[in-house]
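Please open the model in your viewer, with the sequence panel beside it, and follow the selections below in order.

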Amino acid sequence: MYIDAHQHFWKFDPQDYGWISDKMQVIRRDFYPDELAEEQKKAGFSGAISVQARQSLAENDFLLGLAEHYDWIKGVVGWVDLCSDQAEDQLQVFAAHPKAVGVRHVIHDEPDDDFMLREDFRRGIGLLKKYGMTYDLLLFPKHLPRAIKLVAEFPEQPFVLDHISKPHIRDRKTEPWADEIRQLAAFPHVHCKLSGMVTETHWQNWKEEDFFPYLDVVWEAFGEDRLMIGSDWPVCKLSGEYAPVMQIVQSYLSSFPQTTIQKVMGENAAQFYLKK
């Protein structure tokens, strides 16, 4: 099974999705599973991990409700307030659902660059293993040094880096991102999603080879057992449609053995998220 390890659904409301600005008109509408299913079928994918796009407990109910009706939504990465005194109560409720697999916080929108090193946030991270929850790291490159400190503190907590940490692809810049990616990948409990790249370059004006230097870095750093493909649909639509976006990684992998391709295209995501 080919699994898209990173996509979103939403009923659009400008109050709930303030990050979707006026220049993002193409995604300022509702996105539901039936539309993605058609895109996935054409691209050869038959499973998905649905990831939160709102910082609210209502997001968990929304995504888990969809997952109950669509078997191909294999898991949900939701949100709990890890800084709250009620974090464990929230985790108990969320983790009780069989398709709840992980938690994410939109770190890169926090005004405090050291947010993930706060004592209350780290206390929340420390609760996740008890409930079998993974954690998605949504970062900009400037956050990588903090992420290195965080994952070092929790060696038994499974982490996955979203969108290869959004490097400066538009500017063709690789350092210090590449060096810090290698440092982060030195921790074996950290994985990485090959996703979210097309929105980090000139929208709708790119070629597959633009991303290969960045894929080279994460491939060398994480290896074939800790990388997983993701679309970041529908956000990817800002810069490319589903099939061409997924083809970037498939083209990169085209010369690799089929066993390696199978890992990146689905087996690694299943092992990381669905072994609960």
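Select Thr201 to begin, which in this predicted model sits in the loop that runs between strand 7 (190-194) and helix 7 (212-222). Although Thr201 belongs to a loop, it is buried, with a relative accessible area of 4%. To see what surrounds Thr201, display Ile169, Arg170, Trp206 and Phe211, which are the residues in contact with it once its neighbours within four places in sequence are left aside.

Move next to helix 3 (residues 87-95) and pick out Gln90, which lies in that helix. Is Gln90 buried or exposed? Its relative accessible area is 16%, and since buried means under 20%, Gln90 counts as buried. Apart from neighbours within four places in sequence, the contacts of Gln90 are with Leu57, Val80, Asp81 and Ser84, so selecting these four together with Gln90 shows its surroundings.

Now select helix 9, residues 258-273. With 16 residues at 1.5 Å a residue, this helix should span 22 Å, and its end C-alpha atoms are indeed 22 Å apart, so the expected and computed values agree. Helix 9 nevertheless has a kink of about 55 degrees, centred on Val264, and Val264 is itself among the buried residues of the helix. Colour the others that are buried as well: Thr260, Ile261, Met265, Gly266, Asn268, Ala269, Phe272 and Tyr273.

Stay in helix 9 and centre the view on Phe272, which is found there and is buried, with a relative accessible area of 5%. Which residues are in contact with Phe272 when its neighbours within four places in sequence are set aside? They are Thr134, Pro158, Phe159, Val160, His191 and Met228. If you also mark Asp34, a distance drawn from C-alpha to C-alpha should read 25 Å between it and Phe272, two residues that are 238 apart in sequence.

The cysteines make a useful next stop. Select Cys192, which is buried, with a relative accessible area of 0%, and draw a distance from its sulfur to the closest cysteine sulfur, which is in Cys236. The separation is 17 Å, which is too far for a bond, given that a disulfide requires sulfur atoms within 2.5 Å. Cys236 is likewise in no disulfide, its nearest cysteine sulfur being that of Cys192, and Cys236 is buried too, with a relative accessible area of 1%. How many disulfides does the structure hold? The number is zero.

Finally, clear the selections and zoom out to the whole chain. The protein has nine helices and eight strands. Its radius of gyration is 17 Å, close to the 19 Å that the globule rule gives for 276 residues, so the protein is as compact as a globular protein of that length. Taken along the principal axes, the C-alpha atoms fill a box of roughly 45 × 40 × 40 Å.

With a surface shown, the accessible area of the protein comes to about 11,600 Å², and 50% of this belongs to carbon and sulfur atoms. Of the 276 residues, 57% count as buried. If you display contacts between residues at least 6 apart in sequence, 80% of them join residues at least 24 apart.

Key:
Residues numbered from 1 in each chain as written. Predicted model: local features only at pLDDT ≥ 70, side-chain atom pairs only at ≥ 80, totals over all residues. Heavy atoms only, no water. Helix = DSSP H or I, 4+ residues; strand = E, 2+ residues; numbered from the N terminus. Expected span 1.5 Å × (residues − 1). Bend = angle between axes of the 7 residues up to and from the residue. Buried < 20%, exposed > 50% of the residue type's maximum accessible area, 1.4 Å probe, protein only. Rg over C-alpha atoms; globule rule 2.2 N^0.38 Å. Contact = heavy atoms within 4.5 Å. Areas by Shrake-Rupley, 256 points an atom, 1.4 Å probe, with all protein chains shown as cover.
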